[in-house]
Number of protein chains: 2
Amino acid sequence: MKLSKKTDYALRALLYLSLRHERGSVQIKEISAEEKLPTKFLESILLSLRKAGILHSKLGLNGGYSLARPPEQITLGEVIRVLDGTLAPMSCVSRVEYESCPEEIGCAVRSVMQDVRNAIARVLDETTLADLSKRVVLLRKSQVRGAGVS
Amino acid sequence: MKLSKKTDYALRALLYLSLRHERGSVQIKEISAEEKLPTKFLESILLSLRKAGILHSKLGLNGGYSLARPPEQITLGEVIRVLDGTLAPMSCVSRVEYESCPEEIGCAVRSVMQDVRNAIARVLDETTLADLSKRVVLLRKSQVRGAGVS
DNA sequence: ATTAAGTCTATAATATTGATAGACTTTGCT
DNA sequence: AGCAAAGTCTATCAATATTATAGACTTAAT
């Protein structure tokens, strides 16, 4: 049930952009340096996100990437679906990569996996980049205070 | 976030055994034939499950596999952890495959993935093979009636 | 002794993941 | 005009994980 590095990197890059949403274009090089991500790999990831309408890019000198929409309007679910393809544990309960199966209707395994898919989607489709940014602030506070729910 | 075929096959085999829990030993060949699973592959899967204490095996003539415990005491979470290794989307929020990370404490991505892990675990650690068997019955009923929640 | 079962070791084929190289295009700046 | 800095595109690669299969071995019932 693991998330790919691709998606992991994507989320980190998007969070970086999200926290600098006011600032305009940010270069790949800066993101990869700050977040310690492999530059060329990140390049292809950001390209996919742009093609999916999540990022906006500016070519040429002083170019770079920025969020195509405000952080409130980009969910983690959307991002993961672009890069990993589906949130679902099996394709018979997937929205984006649905594949039918003859046994489908009476399949008990499927029925549980449906629940799993929904549980995952409930978290990821309701968490936006804005929420992620807020968590950064909250986590920093509780880190300083040594507090937190653990 | 996909489940491996290995785990998928395992769940189907276990459900098969679960529905025949009274019956004593069942042979690999029967399971693979009825559930249409590759015999040799299933063999290695069942072996892993036995080593993990989920199945009991009987050697020699009239041997075969049976559940090592009543179906009420085997959760899907346990099964998946044996074969896929973890329910968690990243190792920094995994119980069985935990790997620490320097950024861990203040990491917002981790914090969301923690939520995801918990959502997944809530379903899979609370669903047993007995529950799965019950679903088979329920699904069959609603199938016949043409009813159901869709 | 025979035979039907699981066990063990090794390996092969394929797919996926993670990553890089390099040529190309676009744009701002002087 | 021309340089430099940015993203774009195509191609490919290495490493790893997944999905299997083969075959020799062990155990136990009859």
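Biologist: Which strand has a base oxygen 3.5 Å from a backbone N or O atom of Gly60(A)?

Modeller: This is a predicted model. In it, a backbone N or O atom of Gly60(A) lies 3.5 Å from a base oxygen. A backbone N or O atom of Leu61(A) lies 3.4 Å from a base oxygen of DNA strand C. For Gly60(A), too, the base oxygen belongs to DNA strand C.

Biologist: Which strand has a sugar or linking oxygen 3.4 Å from a backbone N or O atom of Gly60(A)?

Modeller: Gly60(A) has a backbone N or O atom 3.5 Å from a base oxygen of DNA strand C. The sugar or linking oxygen that lies 3.4 Å from a backbone N or O atom of Gly60(A) is part of DNA strand D.

Biologist: How many residues surround DNA strand C, and what share of its atoms within 4 Å of the protein is sugar and phosphate?

Modeller: DNA strand C is surrounded by 26 residues, and Lys40(A), Glu43(B), Arg50(B), Leu61(B) and Tyr65(B) are the closest. Of the strand's atoms that come within 4 Å of the protein, sugar and phosphate make up 71%. The values asked for are thus 26 residues and 71%.

Biologist: Which element gives the most to the surface near DNA strand C?

Modeller: Elements giving two or more residues to this surface include helix H1 (5-19) of chain A and strand S1 (55-58) of chain B. By class, the surface has 11 nonpolar, 8 polar and 7 charged residues. The most, 4 residues, comes from H3(B).

Biologist: Which element supplies the largest share of the surface near DNA strand D?

Modeller: The residues closest to DNA strand D are Arg50(A), Leu61(A), Tyr65(A), Tyr9(B) and Lys40(B). Elements that each supply at least two residues include strand S2 (64-67) of chain A and helix H1 (5-19) of chain B. The largest share is 4 residues, from H3(A).

Biologist: What distance separates a polar side-chain atom of Lys40(B) from a base oxygen of DNA strand D?

Modeller: Lys40(B) is among the residues closest to DNA strand D. Elsewhere on this strand, a phosphate oxygen is 3.1 Å from a polar backbone atom of Ile28(A). For the side chain of Lys40(B) and the base oxygen, the distance is 2.4 Å.

Biologist: At what angle do the axes of H3(A) and H4(A) cross?

Modeller: Ile45(A), Ser48(A) and Leu49(A) of H3(A) meet Val79(A), Val82(A) and Leu83(A) of H4(A). Their contact has 5 nonpolar residues, 1 polar and no charged. The crossing is right-handed. The axes come within 10 Å, and the angle is roughly 115°.

Key:
Residues numbered from 1 in each chain as written. Chains lettered and ligands numbered in written order. Predicted model: local features only at pLDDT ≥ 70, side-chain atom pairs only at ≥ 80, totals over all residues. Heavy atoms only, no water. Near = heavy atom within 4 Å. Polar contact = N/O pair within 3.5 Å; in protein donor to acceptor, adjacent residues only side chain to side chain. Nonpolar A, V, L, I, M, F, W, Y, C, P; charged D, E, K, R; others polar. Axes fitted to C-alpha atoms, helices over the stretch in contact; angles between N-to-C directions. Left-handed = near helix turned anticlockwise from the far one by under 90°. Contact = heavy atoms within 4.5 Å.
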